[in-house]
Amino acid sequence: MDIFIQQILNGLSIASVITLIAIGVTLIFGLTGIINFAHGEFLMIGGIVTWLAVSAGLGFPIAVVLAILAVGLMGYILERGLFRFTLERPTNGFIVSLGLIVVLQHVVVLFWNPNQKSIPRPLTTVWEVGGVRIASVRVMVILITIAVVALSFRMITASRYGRALRASVEDRDTAALMGIPVRRYITGVFVLGSALAGLGGALLIALFPITPFTGGTMVMKGFAVALIGGLGNIYGAVAAGLILGIVEGFSAGYGFSQWTDAYSFVLMILVLIVRPHGLFGGTSGPRMAS
Amino acid sequence: MKTVLKLAASAALCLGAFAHPAFAEDNIVKIGVVAAESGSFVSAGHTLPAGVGLAVKQINDAGGFKVGGKTYKLEMVKRDDRTDIATAIAATQELVRDVKVQAIFGSETHDFTLAMAKITQPAKIIHFAGNSTLAKILNPDSVKPGGEDHYLFQSEPQEFQRSGSTARGVLSLLEPLLGFKPKKSVMIVGNDATGQFLSSYYYKALKAEGQDVPDIIFYPPDTTDFSPFLTRAKSLNPDIIHFWYNGDSTLTALPQALELGAAKSYFLFGVDPGIWKEKQLSADVPVAMSCVPVCWGESSNPKAKAYFDAYFAAGAPHGVTSSVSLLYHDYVHFLVEAWQKADSFDPDKTVEALLNLHHQGVVSDDLTFNPTHQVTHATEVCAAAPGGAISCAMQQPPAEAPKS
């Protein structure tokens, strides 16, 4: 029984990291139509900034703030300098993001070599309850994810900014005619999503070592969760993240462990066939930008 | 995979018509390196150009080498395969056809090397790969003169030898640290071609040492969260969890294993004690490490310290498996010695010389190739006691593969 409970906790931990990535993906992809496959590299940059800050002797909380600010700023520069020119042609944006993956990876390799980077665990306590081991650092990540989800959800559903954003997703031209600065809102969402990737990277390196190539797998799962949950749907991203986390945890624990990743993507394919807007409904993604 | 090999074979046919080993008109001999300097296999990949580059520097700094009365120097031409087989094939084509290298080193990945050999061998390019999986294609027929792999050499021991010496070393070093004889082992292995190949031999080696191995748990490459795999292993109550390949994944998994208390001890394949010390890693249980072939950071091999001092002084990054560089460094010197002995760059004469030489390298004072172009040497295994003291020992390979 303790092994079973441990696997549930493992699944929750996996879900929290995936969900954090998926929220950034679902906001950017779902609400602006920008298909940024380099989102995983944004996450990696967040981890690298955290590593640099901690290596320089700064505390982990300060490093997290720096990672959020640095990746948010990078998002702003890239949106204004690159992606805004592709808004009318999402496919171009997609290709740009693929190129950006290689560029960002190699910039990091050039300056900080390709080897693994890690930081000392910010929290080292491990609680043992009836044979189940709970690492405090994982609990920290789960709690931060819950807070980020709650804030993002409130911002999208209840704030003036969120209402204007949703209006521009429904009908960009009408929203613009009503005085909503659509382009500025798109920049804002891109920066927010990027900042969340920075936070994700900081939390990721608190859990695991990272390399300049860590982003690839993470972003694929982020897109899978965003699509399963429904693009632009934060509640959907959370639910889909939980489903995938539990599926991954249990398949590794009890099934054919080598197929763990495959389960996630089979699930995504099935959902996209049966419910093209995701399990919980969402936007149509890039179509709204055309 | 078959399609890729067919593509490589077609390319080789085209190349064969006009690609001949480069002759050094300006007394520079070019040797190529194809390695993963980016992508998921980078931790092993970046050691190849670093090891070959160091050997090239050593040879050139010593004044070069003489063949046919002329003095030559070496030039390394390296290409990043980005851990992508199509890129590795394209890079090999370029090195053979355009750069006209005399020899190629790499790659570290099983299926990449097979595809590369389809290009290097018809072009009669001497090809070294530190890749035990070459045993699948190196046999008396394939390496004979005129055979399809006559110019291909495996610079890593056969896998039954490496697995056998590793399993024996791990068990013998962990037993005194555990205070009892370990009986039950679980393996956690990366699920790719190399992982599957290596683990099949290591499983047999553990069984031959009397271990009960109730499960081999495969994880998808690029896994970062190992907790469900480790929890599964923990449910089997093992004395040792063996992380077999690759080093980056292993160092990601170990802290998670220690948090979960998954086993009484661990073995990390392809992790140098040097990185253990540099990252200030520690564990409350014994942890064994094996190097490929001798260890950086703590070694019983007297030449190792001088080698790694020179290796890092030349600018190589402190990687998790820096010792892999020795599967290439020694063979640049070996190749140059063969050219000198043959007094020719002719590939057939070079092969003959390679098969008849006893080379004094860092890894061993007596490196030789067997008739199927494979080397034999010991493997070094180390163990860190709880508290940090590390001890290492060279483990000689078994004479024969286990029967079962």
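The exchange below takes up several features of a predicted model and the reasons for the terms applied to them.

User: Why are α9(A) and α10(A) called oblique to each other?

Analyst: The axes of α9 (residues 215-229) and α10 (residues 234-254) of chain A cross at roughly 120 degrees and come within 7 Å. Angles of 65 to 115 degrees count as roughly perpendicular and those over 145 as roughly antiparallel. The angle of roughly 120 degrees falls in neither class, and therefore α9(A) and α10(A) are oblique. The crossing of α9(A) past α10(A) is right-handed.

User: Which residues bring α9(A) and α10(A) together?

Analyst: On the α9(A) side they are K221(A), A224(A), V225(A), A226(A), I228(A) and G229(A). On the α10(A) side they are G236(A), A237(A), A239(A), A240(A), G241(A) and L244(A). By class, eight residues of this contact are nonpolar, three polar and one charged.

User: What makes α5(A) roughly antiparallel to α10(A)?

Analyst: Helix α5 (residues 136-158) of chain A packs on α10(A) at about 150 degrees, the axes being 9 Å apart. The cut-off for roughly antiparallel is an angle over 145 degrees, and about 150 degrees passes it, so α5(A) is given that term. From α5(A) the contact takes V149(A), S152(A), F153(A) and I156(A), and from α10(A) it takes I234(A), Y235(A) and V238(A). Six residues in the contact of α5(A) with α10(A) are nonpolar, one is polar and none is charged.

User: Why is α1(A) described as oblique to α10(A)?

Analyst: Helix α1 (residues 2-32) of chain A meets α10(A) at about 140 degrees, with 7 Å between the axes. An angle must be over 145 degrees to count as roughly antiparallel, and about 140 degrees does not reach that, so α1(A) is oblique to α10(A). Here too the crossing is described by hand: α1(A) passes α10(A) in a right-handed crossing. Residues of α1(A) in the contact include L12(A), I14(A), A15(A), I18(A) and A22(A), while those of α10(A) include V238(A), G241(A), L242(A), G245(A) and F250(A). The residues of this contact divide into 13 nonpolar, nine polar and one charged.

User: How do you know that the radius of gyration of chain A agrees with a compact globule?

Analyst: For 290 residues, the globule rule gives a radius near 19 Å; chain A has 19 Å, so the value agrees. The C-alpha trace of chain A spans about 60 × 45 × 35 Å along its principal axes. Chain A has eleven helices and two strands. Its elements run α-α-α-α-β-β-α-α-α-α-α-α-α from the N terminus.

User: What makes the radius of chain B agree with a compact globule?

Analyst: Chain B has 404 residues, for which a compact globule would have a radius of gyration near 22 Å; the value for chain B is 21 Å, so it agrees. Its C-alpha trace spans about 60 × 45 × 35 Å along the principal axes. The secondary structure of chain B comes to 14 helices and 13 strands.

User: Which residues of chain B does UniProt list for "domain: Leucine-binding protein"?

Analyst: The unreviewed UniProt entry lists residues 29-381 of chain B. Over that range the chain is 42% helix and 18% strand, and the end C-alpha atoms are 37 Å apart.

User: How many residues make the contact between chain B and chain A?

Analyst: In chain B, 31 residues are in contact with 30 residues of chain A. The elements giving two or more residues to the chain B side are α2 (42-45), β8 (212-219), α9 (227-234) and α10 (247-260) of chain B. That side has eleven nonpolar, 13 polar and seven charged residues.

User: What makes N113(A) stand out in its backbone?

Analyst: Most residues other than glycine have a negative phi. N113(A) is not glycine, yet its phi is positive, near 60 degrees. N113(A) is placed in the loop between α4 (90-112) and β1 (126-129) of chain A.

User: Is the peptide bond from G106(B) to S107(B) cis or trans?

Analyst: The bond is cis, with omega near -10 degrees. Most peptide bonds are trans. S107(B) lies in the loop between β4 (103-105) and α5 (110-120) of chain B.

Note on methods
Residues are numbered from 1 along each chain as its sequence is written. Chains are lettered from A and ligands numbered from 1 in the order in which they are written. This is a predicted model: local features need pLDDT of at least 70, side-chain atom pairs count only at pLDDT 80 or more; totals for chains, interfaces and linings use all residues. Axes are lines fitted to C-alpha atoms, for helices over the stretch in contact, and angles run from 0 to 180 degrees between N-to-C directions. Helices (H or I, at least four residues) and strands (E, at least two) are DSSP runs, numbered from the N terminus. Angles under 35 degrees count as roughly parallel, over 145 as roughly antiparallel, 65 to 115 as roughly perpendicular and the rest as oblique. A crossing is left-handed if the near helix is turned anticlockwise from the far one by less than a right angle, and right-handed if clockwise. Two residues are in contact if their C-beta atoms, placed from the backbone, lie within 7 Å. Ala, Val, Leu, Ile, Met, Phe, Trp, Tyr, Cys and Pro count as nonpolar, Asp, Glu, Lys and Arg as charged, and the others, Gly among them, as polar. UniProt positions are given in the numbering used here, feature names are shortened, and annotations may be inferred rather than shown by experiment. The radius of gyration is taken over C-alpha atoms; the globule rule is 2.2 Å times the number of residues to the power 0.38.
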